[in-house]
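Hi,

Here is the model I promised to pass on. Have a look at it, and my notes follow underneath.

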Amino acid sequence: MPSALWISIPVHCRCSWSTNLGSVRRHSCRLREQPFWVCGNRVGDSGRYPLVVSTWPFVEAVRAAWTAVDHGLSAVDAVVEGCSACEELRCDGTVGPGGSPDENGETTIDALVMDGVMMEVGAVAAMKYVKDGIKAAKLVMQHTQHTLLVGEPASAFAISMGLPGPTNLSSPESINKWTKWKEDLCQPNFRKNVLSVDSCGPYHPKDTANSCAQANPVGTIESSPARVGLHSHDTIAMAVIDKMGFIAVGTSTNGAAFKIPGRVGDGPIAGSSAYADNDVGACGATGDGDVMMRFLPCYQVVESMRRGMEPKLAAEDAILRIAQKYPDFVGALFAVNKEGEHAGACHGWTFQYSVRSMEMEEVEVFTVRPSTVSMST
């Protein structure tokens with residue numbers, strides 16, 4: 001049997017510059033101990049990795065991530081490759097440009113990338129004019145000390161860092177979708193407790209002085225599932241474990257169709273749409289982000305696994321906590337631990353997630369039905 005050897009390797013090398021006159025470049029590398037298997041004089045990985053997991057049957061995106069990580073790219077870079085493929089393919093019309101118009105008919109992008117080793121995050125939200133959401137998120141992580149940039153300033157940052165733009169993110173399909181919605185008197189929409197001159201606004205607040213007296217006494221909240229569906233409100237969330245055993249996650253979405261301009265969903269929120277900790281594992285989520293971000297389900301999943309829960313139970317528990325308060329909510333997530341065990345859970349719809357591992361010759365799609373979990377080890 002080969003023996004295990006712990007060695008220190010550089011995980012991240014970052015350069016920074018002071019803003020004072022006569023600036024000095026400071027270069028620092030952090031080291032992290034990582035187990036390798038020694039076979040004679042050869043040092044290699046343990047053979048359990050790489051692994052790619054993604055929401056939905058976004059098979060081409062998983063293939064792109066797998067090709068990248070299998071050829072030695074880092075988990076972060078593989079996540080970017082996978083999510084970028086989905087953006088280019090406009091997966092289900094809910095990822096990348098050309099889909100999910102807001103009330104004004106515009107398409108905007110939300111995206112996130114998280115490094116589970118350094119716990120660094122880069123994200124963009126409500127970004128116009130730049131189609132490469134996940135690449136913009138990576139630039140935020142690499143070249144700023146911030147976590148999230150929003151709106152047109154996020155677009156300006158991404159373009160200044162070399163991404164193509166400005167670009168019109170609308171498409172004939174998204175414009176037709178928006179035109180039909182206007183013809184249907186702007187229904188459904190995300191407004192509540194408002195009055196308007198006509199169904200499409202302008203909107204003004206209704207008297208809500210008695211709203212507390214009308215609250216649901218049993219502590220559950222009604223939601224509007226008709227607004228949320230597979231092709232109107234979706235995200236690619238992806239987790240990758242690379243050959244070194246390092247974990248990263250990423251997300252990309254053009255958000256909820258007919259959202260109020262300026263709305264930010266859970267896609268760029270670390271802990272909600274995705275979360276990774278190299279000591280534990282990762283999670284990715286999809287669904288009604290306005291509800292799910294109130295619970296940070298992916299953070300909860302990872303912390304539950306840290307306390308010893310297997311992915312199956314951690315995923316179910318996170319979904320159950322949301323459903324107890326919002327019984328009509330629609331959402332799903334996958335969980336994967338650092339051993340490569342994965343599972344999914346969902347509520348309000350049938351969920352599928354995609355996996356490629358060392359044991360698989362091709363991407364496999366797992367189906368999870370409401371109140372059930374699909375699990376593989």
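**Helix H2 and the core**

Helix H2 (residues 75-89) has 15 residues, and at 1.5 Å a residue it should span 21 Å; its end C-alpha atoms are 21 Å apart, which agrees. The expected span here is 1.5 Å times one less than the number of residues, and helices (H or I, at least four residues) and strands (E, at least two) are DSSP runs numbered from the N terminus.

A quick word on provenance: this is a predicted model, where local features need pLDDT of at least 70, side-chain atom pairs count only at pLDDT 80 or more, and totals for chains, interfaces and linings use all residues. Numbering runs from 1 along each chain as its sequence is written, and side-chain values use heavy atoms, with hydrogens and water left out.

Back to H2: 11 of its 15 residues are buried (under 20% relative accessible area, 1.4 Å probe, protein chains only), so the rest of the structure largely encloses it. Among the buried ones are Val 76, Gly 82 and Glu 87. Their cover includes helices H1 (59-70) and H3 (133-143), plus strands E5 (109-115), E10 (236-241) and E11 (247-253). After H2 comes Arg 90, with a positive phi near 55°.

The largest nonpolar core (buried Ala, Val, Leu, Ile, Met, Phe, Trp, Tyr and Cys joined through side-chain atoms within 4.5 Å) has 89 residues, and Met 238 and Val 240 have the most contacts inside it. H2 gives the most to this core: seven residues.

Beyond its neighbours within four places in sequence, Val 240 is in contact (heavy atoms within 4.5 Å) with residues including Ala 75, Ala 78 and Val 79.

Cheers

Definitions and conventions:
Buried < 20%, exposed > 50% of the residue type's maximum accessible area, 1.4 Å probe, protein only.
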